[in-house]
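Ready for some practice in reading a protein structure? Take a look at what is shown below, then work through the exercises one at a time.

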Amino acid sequence: MPIAITRAVSRSIVNCELTHFQRTEIDLQIARQQHYQYEQALKSAGCEIISLPEMPDLADSVFVEDIAVIFDEAAIITNPGAISRRPETDSIAEVLRQHRKLIFIEPPATIDGGDVLVVGKTIYIGLSSRTNDEAVSQMAAHLDDFGYQVIGVEVKGCLHLKSAVTKVSSATLLINPAWVDKSRFSDVNFTVVDEDEPFGANCLSIGDSVIYPKTFPETRKKLEDFGSKLIVVDADELAKAEGAVTCCSLIVN
Ligand code: CIR
């Protein structure tokens, strides 16, 4: 059974980092209710949940995806691109140490897990405002031994690579081609987001389930064709903090 690591929404979420969004009011109670619903969705996708306690002073700590990248062979602990997020790494490392050998990304490399898309043995790394070329080099050096190929991909107009493209299944990517160049990905099929739903490219695929936000009904219709079990969640409140459904968990298979 896969394990999903989550962390409770911080009471300081209103002070979250924002890159492409204007700050709008975030209702903590609603954000926590929606996060609870997300954890239930992870359970119905077959995960056991490790729900970590709130970190009151770390505004973005609910977005655990950015702090690690987990492979069968090891877990990479990132050096997050936003300085405010670097204190999140110690406690995630402590949890993952029980499941995997740890590898640490070191400065001057910076990388957020939201910029890492693993498709089989190919690892696409978004070159975003959070993730730099040095991180691509360090990831390649660490992961080459395990047989992975690491490819840096330019991202524009959004926070992370996985704002622009995620996996619906092992062979199909859900993509917003305005933010990332489709031709950078090989041996995959694409489903393109509805043109009125640019933020709809982030889905979380676990086994034969796909967790997807309520907010993007037209793109959702396209996902229904895949025969995956679609689990629809309300994720609007944390979306105001520039977070989406992959961001709020780390999956240990
Ligand atoms: C940040 O800017 O770091 C947070 N406010 C949002 C992080 C979302 N994480 C993700 O897309 N993986």
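Here are three exercises with worked solutions, all about this predicted model.

**Exercise 1.** Find out which residues surround the ligand most closely, and what kinds of residue make up the shell.

*Solution.* Start with the count: 14 residues surround the ligand. The closest of them are D60, E65, D66, R130 and A241. Next, sort the shell by type: four residues are nonpolar, three are polar and seven are charged.

**Exercise 2.** Look for polar side-chain atoms by the ligand, then work out how much of the ligand the protein buries.

*Solution.* Begin with the nitrogen side: a polar side-chain atom of D60 lies 2.7 Å from a nitrogen atom of the ligand. Now turn to oxygen. In R85, a side-chain N or O atom is 2.9 Å from an oxygen atom of the ligand. For H160, a polar side-chain atom also lies 2.9 Å from a ligand oxygen atom. On its own the ligand exposes 340 Å², and the protein buries 98% of that. To finish, place the ligand: it sits in the second largest cavity.

**Exercise 3.** Explain why C158 forms no disulfide, and decide whether this residue is buried or exposed.

*Solution.* First, search the whole structure: there are zero disulfides. Then check the distance: the closest cysteine sulfur to that of C158 belongs to C247, and at 11 Å it is too far for a bond. Now compare C248, which is in no disulfide either; its nearest cysteine sulfur, that of C247, is 5.8 Å away. Last, consider accessibility. C158 has 6% relative accessibility, so it counts as buried. C248 is buried too, with a relative accessible area of 5%.

Note on methods
Residues are numbered from 1 along each chain as its sequence is written. This is a predicted model: local features need pLDDT of at least 70, side-chain atom pairs count only at pLDDT 80 or more; totals for chains, interfaces and linings use all residues. Side-chain values use heavy atoms; hydrogens and water are left out. A residue is near a molecule or strand if one of its heavy atoms lies within 4 Å of it. A polar contact is a pair of N or O atoms within 3.5 Å; within protein, one must be able to donate a hydrogen and the other to accept it, and residues adjacent in sequence count only if both atoms are side-chain atoms. Accessible areas come from the Shrake-Rupley method with a 1.4 Å probe; for residues, only the protein chains shown count as cover. On a 1 Å grid over the protein atoms alone, a cavity is a set of points where a 1.4 Å probe fits but cannot get out, and a pocket is an open set with protein on both sides within 12 Å along at least five of seven lines; lining residues have an atom within 4 Å of a point. A molecule sits in a cavity or pocket if more than half of its atoms lie within 2 Å of its grid points. Ala, Val, Leu, Ile, Met, Phe, Trp, Tyr, Cys and Pro count as nonpolar, Asp, Glu, Lys and Arg as charged, and the others, Gly among them, as polar. A disulfide is a pair of cysteine sulfur atoms within 2.5 Å. Buried means under 20% relative accessible area, exposed over 50%, partly exposed in between (1.4 Å probe, protein chains only).
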